[in-house]
Amino acid sequence: MEFLPWGAVGLSSFLIFQARLSALRLDCLMRRFSSFRVSYSSVMFYLYILFRVTGRTRGLIVVPPRVKSARNTFIAVVLILGATLAIEWGSTISWLGEHIGVDLKNLEPDAKAAAQGQLRLAAIQLAVAVGALMAIFYTARTYRLTRRGQVTDRFTKALERLSSEKEYVRIGGILALGQILHDARDQSEDAQTVLQNYLVNHTPEAPAEWPDAGATTTSLPAEVQTAVDALGTATRHADFRLRLSNRTLTRLDLRGIQLVSADLSRSDFRRADLEGANLWGTNLFHADLRRCDLRNALFVNANLRGARLQQSRISHTSFAGALLKYAVFSDEGTYWSSEETSFRHANLTGAILRNFHFVDCDFRDADLGGANLSGATFERCRLARADLTGTDLHGADLRGSLGIVREQLKEAKTNTRTQFPSYLGPTENLGLSGSPSPPD
C-alpha cells in the first residue's frame, strides 16, 4: 500500500468523525476503503485508536460523539498519523524517497541504508518534537490550573474581609480584589462585579432634586474611594464598563481615572476632582458635576445631556463629539471662564453658557442651535461651520472669534449690545441689530 492513499483515508475518516455520521457499519466502511487497498489490520487499528480517543466502544457501530475540546482532536490526529507511519513504514519510506528527489531503489546498498537511516532519524526527531510540544502543553495547563486555584483562594479570603465590621479590614479586602484585577486579568470579571456591587451598596442614592449650588456635600468613607480607585485602574487593562448610576459620589478623588463607556447617569459628583480623568463615551445623563475640577479631562463622545456643570473648573478639557443638549454651564448671575477647551462636533443644542469667557476654545462644526450664549465673550475662539441657528447672542462679544462668516449669524438672536468681528463689515444688510467692532 502506498502512503498517499492512506493519508487520504485518514483525512476522509476524520471528516466523517467530525460530521457525526451515525449507524455506519464496518462492512460499509470497508467497502468505501476497498479502492485504496487498505489491509484489514490497518482499519481495525485505526478504529481501535478512534474508539479509545472518543470513548465510544459500541462494537461495529461507529457513532462518534462531538469533540469536546481541541485537545482530543489534536491527540486523535497525532495518534492516527503515528500509527500510519508505524504500520506502513516501508510505504512511507518509498513515498518520501519519490517526493524528495532521491530514488532509493537505484541506490547502492550502503547508500540506501544510509538514506533510510537519515529518514528514520528525521522521523524520530519529528516524533520527539511532537512529544515536547505535548509536554509543554500539559505543563502550561498544569500551571494555569494551579494559578487559578491560588487566585480562587485569594478571592475567597478577600470576600471574607469585605464582610468584616472593621473598616480597615474591609479596605484590605478591596485592595486584595484590586490586586487580583492586576495579577489575573482572565479572572478579573468576578472581582470587578463584586467591587461594583460593593459600591452600589455602600453609596447613598443621588438626590431626587437638584440641591442648591452652595449646599454642603458629604465626604464618603475611605473604602468607597479605595474601591473606585481599584476599578478605575482595572479598566486600563480589561474590557470593563462600570455601572454606577444614580449614586452619590461627592468629593471623590478621581484624578486620572479611566472610566471609558461607564454608566454614571444621574449620579452626584459635586466637588469631585476629575482632573485628567478619561470619560470617553461615558453616560453622564443628568449628572451633577457642579464645582468639580474638570481640567484636562476627556469627555469625548460622552452623553452629558441635561448635566449641571456650574462653577466647575474647565480648562484644556475636551467635549469633542459630546452630547451636551440642555447642559447648564453657568447661572444667570455667574461669570465663568474656560481656556483651550474643545467643543468640536459637540451638540450644544439648548445648552446654557451665558456670561462665559471663552479663551482659545474650539467650536468648529459644533451645533449651538438654541443655545444661550448671552453675555459670552469669545477670545481667539474658532467658530468655523458652527450652527448658530436660534442661538442667543444678546450682549455677546464675538470680536475675538475666528472663522465665523456672515451666513452663520443670519438666524442667530442678537441685539444692539452684540459685538461682531470687524472683518464682517457692516451688519445692517444682514438684519442684525448689533454693530461691528471698531477697527484695530
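What share of the protein's contacts between residues at least 6 apart in sequence join residues at least 24 apart? In this predicted model, the answer is 31%.

**View 1. The whole chain, with its helices and strands.** Take a look around the fold and you'll find nine helices and seven strands. The protein has 440 residues, and 42% of them count as buried. On the outside, about 22900 Å² is exposed, with carbon and sulfur atoms supplying 53% of that area.

**View 2. How confident the predictor is.** Averaged over the protein, the pLDDT comes to 77. A score of at least 70 goes to 69% of the residues. Zooming in on residues 1–6, the pLDDT drops below 50, and this stretch has 17 contacts in the model beyond near neighbours in sequence. Residues 55–68 also sit below 50 in pLDDT. Leaving near neighbours in sequence aside, that stretch makes 31 contacts in the model.

**View 3. Cys-381 and Cys-361.** Here are two cysteines to compare by eye. The closest cysteine sulfur to that of Cys-381 belongs to Cys-361, at 4.7 Å. A disulfide needs the two sulfur atoms within 2.5 Å, so this pair is too far apart for a bond. Cys-381 itself is buried, with a relative accessibility of 0%. Across the structure, the disulfide count is zero.

**View 4. Cys-292.** One more cysteine gets its own close-up. Is Cys-292 buried or exposed? Cys-292 has a relative accessible area of 2%. Buried means under 20%, so Cys-292 counts as buried.

Technical notes
Residues are numbered from 1 along each chain as its sequence is written. This is a predicted model: local features need pLDDT of at least 70, side-chain atom pairs count only at pLDDT 80 or more; totals for chains, interfaces and linings use all residues. Side-chain values use heavy atoms; hydrogens and water are left out. pLDDT is the predictor's confidence in each residue, from 0 to 100. Contact means heavy atoms within 4.5 Å. Helices (H or I, at least four residues) and strands (E, at least two) are DSSP runs, numbered from the N terminus. Buried means under 20% relative accessible area, exposed over 50%, partly exposed in between (1.4 Å probe, protein chains only). Accessible areas come from the Shrake-Rupley method with a 1.4 Å probe; for residues, only the protein chains shown count as cover.
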